[in-house]
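Q: Please select one part of this model and describe it closely for a reader who is new to it. Then set a few other packing arrangements beside it, with each term explained where it is needed.

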Amino acid sequence: MASVNSRFFKSAGDSDTETESDEESLMSSDEEEEEVPQQVAKPKATGMARFLRTASGSDTSSSSETEEESTDDEAEEKGESSDEEGVTIVKSAREKRVEEIEACGKSIDNALKVGDWNSVGNEFDKLGRLVERQRNLQEPVPTLYVKQIVNLDKSITAAAAKDKDAKKKMNAAASRALASLKQKVKRSLKDNEEDVTTFNTDPDKFESKYQEAVAALAPVAKPPKAVKIAAPGEQPEGEDENDGFTQVGKAGKQYNFTAATVLKNLAAVHESRGRKNTDRAENITILQKLLEVAETPYSRISVLLALIAARFDYNTAVSAYMPVDMWISTQKNLDELISVVSANPDYIVQEVVTVEYDPSEDRTPQTENGPVLIRGSIISSLDRLDEEFTKSLQNIDPHGTEYVDRLKHSMGLYKTICCAQLYFVSKGQGDAVARAIMRRVEHIYSKPDAVVQALESGAEPALANLKLSATIPTLASCESSKNLIHTLCVKLYNTDNSFLRTRAILCHIYHHALHNEFYTARDMLFMSRLGDSIHNADVGTQVLYNRAVVQLGLCAFRTGLIKEAHSALHDVFATQRVKELLAQGMHQPKYGSTMSPEQERAERARQLPFHLHVNTELLEAAFLVSSMLVEIPLLASIDNEEAKRKAVSKPFRRLLDFADRQVFTGPPESTRDHIMQASKALQDGQWEKTRDLILSIKIWSLMPEEKQVKEMLGRRIQEEGLRTYLFTNSAFYTTLSIPLLAATFSLPPKTVTSIISRMIWSDELSASLDYAPSASGEGEKLPVVIFHRVELTRLQQLAQTLADKVNTMVENNEKALDAKLGGSGGGKDGGAWAE
């Protein structure tokens, strides 16, 4: 009892001394990585005495003794204390790892004694993982591992010979386990060939070498450092130094890489890739350190390939995009990879490598007796980089400055694509060349000439720095963006990939339409017969087809081909899903139906970035104006109500009927209001009001040729106003003077005569041209149009109605046949576009 009481009841005089000694012992026990000598544990208190304190004891002593008690309890639970009066051995983490390896070796020996090959195989796998952990921690591998490899090799050889000579063979499971273990041991012998040779030659020397390596890891006590007391406001001296600390990663792993261990550490990173709970950020950090110390071309290329793949693996979410700073780093790594492989032509990166090689050993052209083939894919990394760029633009607010800043990176991406294309051409990799050209075309086919010129000028210095003998088409060599697109697309037309050919011709059509070459783009679209098979293509290609068609419609509108513009835009606007067809908006389900989360994610992934959008308001204005100029004269030419119900443009007719039902019509506000009021004015013969309403629409300022477009619209409104006037009033006149019509609609007499002649030739107007004396009676004859009234009999009216119904039935049958056979309505003759 005296010993127990002496442990807790201290005098005030020795309290400070005990506190200092206890704190020193606890601080030494907390150092896991240091070897600590044995220390004698104090007798443990029992009963109520463990909770008693004296007033003379200081707070520091109490807290120190409490920590000591908890340390003793933990040691007792772990079995590290023999008894209350015994010795407690505090072991470092390194010693515990070595003991774990030794325990695994004993398990292997026990399993070998009973011939349990399954257990031997499992324990050997565990031993391999423990040894790999030792190497990752930059610690020497115990000699036990090499001894186990050698002993296992001998035991397996003896077991195989014994099984061969024995009358009763071992069972199938044990035989399979033995064969699998044999392969593992053989691989381990090859990986540790140098250590095995040293062990077989001189075991004592091998053991002493291991002991020296262990002694080198022992911590060296540093002398106390004198610290200068800084004056107020000054920084203490020496605080900004690292004091010899080594940079470490997760779980205290040291980043101590050398050029000789680059490939071995790279193999360890490859093995951890894809495993559960793998720290991807740490892998990226390790690969960056390896890239800094890599010296040979093979090691640099291997590390760069792994680093690019690791950056792409960092973000596992499908919908989220790669962080911008990481994307920039990835692009720089890809540029560096292309530069390294271009500067070292004997090292070739390709997807398929038939020759098996050890990735942990350095390879040179001398050792390979030829070019060094490295398994990897630069074009796949390029595709993924471009996709991540598009995904980031899809998720960034397009109306903020962040979107503009992100869009500036497209110049660097285009430079990378051009450099990759040049490298693939120099190596003769046809498929990779085609994919790189397709990426390049997709970046410039919808851009104005000024943007294309800026992109090309930014890529020229990078192409010159590669110093390759091969050449690729550039803006400088092709002299214009139109020739550049043509040259690149022709190369894609000669490939075997139908997917790339389809997208190339659609991009080519879009580019021609963007430069107002309507007939060239239209002929390419009809000759390719894409309308017959586009429904079998993927969604992205269908979106590109729709974009090409609407751009073709805008091209026809800008050049004054109103009927062709209406025919091109009608199919898109008839669906009432313009934004969805152009991948510029989400589809809104009707009647309570909802989209599944998977469908919604897929729909969002298909959306185009904002800078690639076609202005739907401009599209609607062009379509409605074209419909007005086509539909209003047609309505005026129809006599009976039944024929009037047949609309050429149902969307326009629906809006026009709604406008007619309005009791009060206020001043126009939107583009649609302007066009509807202009249509009603055109029906009434007020062509000047129609022209003013149409030209006052502000959306025309978005067109590059605003002045020419407005002049064209004013002229076409005059012509269609004349046609509407003739259709409406032909029943009330016998003769009309052509000079009077020319003065009324501000048209030259030759233009009026040409319009009337075309109407007579197409049987739209029952009339004839003639000369009649002037009203002044001076003998001068004026050109006039003479109307012929043709009254149809009841039988003729019925026959005409029947003919119209038959035509309608034939058209419906053709549409049904096309839908059944998978064709499109405009595949045979091209519809109104081919007129």
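A: Two strands are taken to pair if DSSP finds at least two bridges between them. Strands are DSSP runs of E with at least two residues, helices are runs of H or I with at least four, and both are numbered from the N terminus. The model is predicted, so local features need pLDDT of at least 70 and side-chain atom pairs count only at pLDDT 80 or more, whereas totals for chains, interfaces and linings use all residues. Residues are numbered from 1 along each chain as its sequence is written, and side-chain values use heavy atoms, with hydrogens and water left out.

The part chosen is an open sheet of 3 strands, ordered β5-β7-β6 and paired in the antiparallel sense. β5 (735-737) and β6 (767-773) occupy the edges; each has a single partner strand, so one side of each lacks a neighbour in the sheet. From one strand to the next the twist averages 35°, where angles run from 0 to 180 degrees between N-to-C directions and axes are lines fitted to C-alpha atoms, for helices over the stretch in contact.

The pairing can be followed strand by strand. β5 is joined to strand β7 (residues 781-787) by 3 bridges, and the two run antiparallel. Along this pairing, T735 stands opposite I786 in β7, and L736 is set opposite V785 of β7. Helix α35 (residues 749-761) packs on the sheet and touches β6 and β7, with its direction at about 140° to that of β6; contact here means heavy atoms within 4.5 Å. The pairing of β6 with β7 is also antiparallel and extends over 7 bridges. Within it, D770 faces V784 of β7.

Elsewhere, helices pack against one another. Helix α10 (residues 262-272) lies against helix α11 (residues 280-293) at an angle of about 160°, with the axes 10 Å apart. This makes α10 roughly antiparallel to α11; angles over 145 degrees count as roughly antiparallel, under 35 as roughly parallel, 65 to 115 as roughly perpendicular and the rest as oblique. α10 passes α11 in a left-handed crossing, that is, the near helix is turned anticlockwise from the far one by less than a right angle, a clockwise turn being right-handed. V262, N265, L266, V269 and S272 of α10 meet N283, I286, L287, L290 and V293 of α11. The residues of this contact of α10 with α11 comprise 7 nonpolar, 3 polar and no charged. In this division Ala, Val, Leu, Ile, Met, Phe, Trp, Tyr, Cys and Pro are nonpolar, Asp, Glu, Lys and Arg are charged, and the others, Gly among them, are polar.

α10 has a further partner in helix α12 (residues 297-313): their axes come within 10 Å and cross at roughly 20°. α10 and α12 are therefore roughly parallel to each other, and their crossing is left-handed. In this contact, V262, L263, L266 and H270 of α10 meet Y298, S299, S302, V303 and A306 of α12. By class, the contact of α10 with α12 has 6 nonpolar, 3 polar and no charged residues.

Another helix pair is formed by α5 (residues 117-136) and α7 (residues 172-191), which pack at about 30° with their axes 8 Å apart. α5 is thus roughly parallel to α7, and α5 passes α7 in a left-handed crossing. Residues including W117, F124 and D125 of α5 meet others in α7, among them A173, L181 and K184. The contact of α5 with α7 divides into 9 nonpolar, 3 polar and 2 charged residues.

Finally, a salt bridge is a side-chain nitrogen of Lys or Arg within 4 Å of a carboxyl oxygen of Asp or Glu. The count by this rule comes to 32 salt bridges. In one of them, the side chains of R435 and D383 meet at 2.6 Å, N to O. This pair links distant parts of the chain, R435 being in helix α18 (residues 430-444) and D383 in helix α15 (residues 378-395), 52 residues apart.
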